[in-house]
Amino acid sequence: MSTAFDTDSIEVHDPATGELVGRVRPADPDEVDAAVARARAARDGWARTAPAERAGLVRDAAGAVRAVAEELARLNETETGRPYDDGLGGVLAAAGTLEQYAELGPVHRGRSLQGSWSATDLMVPEPRGVAAVITPWNDPVAVAGGLIGAALVTGNTVVHKPSERCPHLGRRFAELVASFLPEGVLEIVDGAGPTGAALAGHADVDLIAHVGSIGAGRAIRQAAAGTGAHVLLENGGNDALVVDADVDPRWAAGQAALGSYANGGQVCVSVERIYVAAAVAEPFLDALAEEAGRWVYRPSQPGEKALGPLVDRRHREHVHGHVAAAVADGATVHAGAFVPDGEGAFYPATVLSGLTPAMAILREETFGPVAPVRVVQDFAQGLAEAVDDPHGLAATVLTGSMAHAQQAWRELPVGTVKINAVFGGAPGGAAEPRGASGSGFGYGPELLDEMTTTKVVHWSPLP
């Protein structure tokens, strides 16, 4: 079901059943002002709190999140349709990230500089002030945990606006964390675009951290240009998967399916477009169609995997619009590509081929369980077409050639390149998205640098 927006309330429906989950009244401009004012009033006291003490409170909050992880995962499933096991992983990731930043915060250090013998020269990180944290619905707890945790341990106060598609979950998580903090250090406002715009353009907000759509990110950047706020954006991607001719096509199809269908394709770094070398294209497409058949709404057979509904019917219309337009322009359907009957916002795992570079399904983010396959002559053509895109979030290459892998990670204009695995990576990795996909470090120790500003101190003795 679609999420309804009006001036009185936001209605949220269970995307699996269409049943009403609840209503939330969006914050009006006066309430946004009041939340920012409370965070502003708490700013100096929180900044002067010892880093170890701040970290201890965040660590305590992480423990409380772990204690209610199952509740949060169920609420996530009810509001967004994310399968319970996936949602539980996201909640536990949020707790782990809060704990990680509780460890990193007190050791986030500046530098001493080598000046004259009698002087002291320092570079000192300081909190930016009030951080507006605007988070998405597709991994709402994990993303909020990372951004809020990093902001808090570096001494910032926070006003958090969770997604209007999962407002009950967002508020439950943020209020749980806030219950361990002094008054005003973490404020929560509900609402959709107008609330986010009021927060992003607020003169007393010093930092805006946003994960969400490209359109919203552009609007935030424009608003911040008028206030001087520091902006941290991770926005949409159009991540490519390039399949070389020397890989096992069945294994490659499993990777493609995982990248395209996990969480219904509603992952920031989902595989959005696939370029497969002609030499392995036929067996790859056959195997990918088989893989699509294993991703089902309610798994009951060995080997089947959970494919939850899309977040709402409005989003399903967007996904099917991309698919239908491609089919109308000559694409071949190997699996899915239809709107199922019944309640909810389900959409089947879909495989398409016969695509041209101009099609929207290859040029724009679909964000659904769709695997669009373009058959290319060879690796060189696949890489060239993967590079030709205005987004810059991530990309994956499946190849046994060290030369091709080296060429790919050097040439792909994205923040993250994965070789022979669509997901994974060492803890603490932090990349900067490029182009339309955003800017700034959103993860890892480097996120603490984004949350702070650096002051240089030169201290000479009296003559």
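A residue counts as buried under 20% relative accessible area, as exposed over 50%, and as partly exposed in between. The exercises below apply this to a predicted model.

**Exercise 1. Determine whether Asn420 and Phe367 are buried, partly exposed or exposed, and describe the backbone of each.**

Solution. Begin with Asn420, which lies in the loop between β19 and β20 (438-439). Its relative accessibility is 31%, so Asn420 counts as partly exposed. The phi of Asn420 is near 65°, a positive value in a residue other than glycine. Turn next to Phe367, whose place is in the loop between α12 (360-363) and β17. Phe367 has a relative accessible area of 12% and is therefore buried. Although Phe367 is not a glycine, it has a positive phi of about 60°. As background to both cases, most residues other than glycine have a negative phi.

**Exercise 2. Work out which strands stand at the edges of the seven-stranded sheet, and where helix α10 lies.**

Solution. The first step is to write down the strand order, which is β15-β16-β17-β12-β11-β18-β19 in an open sheet of mixed pairing. The edges are then taken by β15 (332-335) and β19 (416-419), each of which has a single partner strand, so that one side of each is left without a neighbour in the sheet. On average, and with direction ignored, neighbouring strands of this sheet are turned by 20° against each other.

The next step looks at one pair inside this order: strands β11 (residues 240-243) and β12 (residues 273-277) run parallel and are joined by four bridges. Within this pair, Val243 has Val276 of β12 as its bridge partner. The last step places helix α10 (residues 278-294), which lies across β11, β12, β15, β16 (350-353) and β17 (370-376) and runs at about 135° to β12.

**Exercise 3. Compare the span of helix α6 with the expected one, and list which of its residues are buried.**

Solution. Helix α6 covers residues 167-178, which gives it 12 residues. From its first C-alpha to its last, α6 reaches 16 Å, close to the 16 Å expected at 1.5 Å a residue. Its buried residues are Pro167, Leu169, Gly170, Phe173, Ala174, Leu176, Val177 and Ala178.

**Exercise 4. Describe selected salt bridges of the structure, and say where the partners lie or how accessible they are.**

Solution. The structure holds 19 salt bridges, and the pairs treated here are taken from among them. The general background is that side chains of opposite charge can pair when their charged atoms come close.

- Arg165 forms a salt bridge with Asp312, and their closest N and O atoms are 2.8 Å apart. This pair links distant parts of the chain, with Arg165 in the loop between β7 (157-161) and α6, and Asp312 in the loop between β14 (305-306) and α11 (313-328), 147 residues apart. Both Arg165 and Asp312 are buried.
- Lys161 pairs with Glu164 in a salt bridge whose closest N and O atoms are 3.4 Å apart. Lys161 and Glu164 are likewise both buried.
- Asp44 and Arg43 meet through their side chains in a salt bridge of 3.2 Å, N to O. Asp44 has 38% relative accessibility, so it counts as partly exposed; Arg43, at 23% relative accessibility, also counts as partly exposed.
- Arg171, Glu175 and Asp190 are linked with one another in a network of salt bridges.

Conventions: Residues are numbered from 1 along each chain as its sequence is written. This is a predicted model: local features need pLDDT of at least 70, side-chain atom pairs count only at pLDDT 80 or more; totals for chains, interfaces and linings use all residues. Side-chain values use heavy atoms; hydrogens and water are left out. Helices (H or I, at least four residues) and strands (E, at least two) are DSSP runs, numbered from the N terminus. The expected span of a helix is 1.5 Å times one less than its number of residues. Buried means under 20% relative accessible area, exposed over 50%, partly exposed in between (1.4 Å probe, protein chains only). A salt bridge is a side-chain nitrogen of Lys or Arg within 4 Å of a carboxyl oxygen of Asp or Glu. Two strands pair if DSSP finds at least two bridges between them. Axes are lines fitted to C-alpha atoms, for helices over the stretch in contact, and angles run from 0 to 180 degrees between N-to-C directions. Contact means heavy atoms within 4.5 Å.
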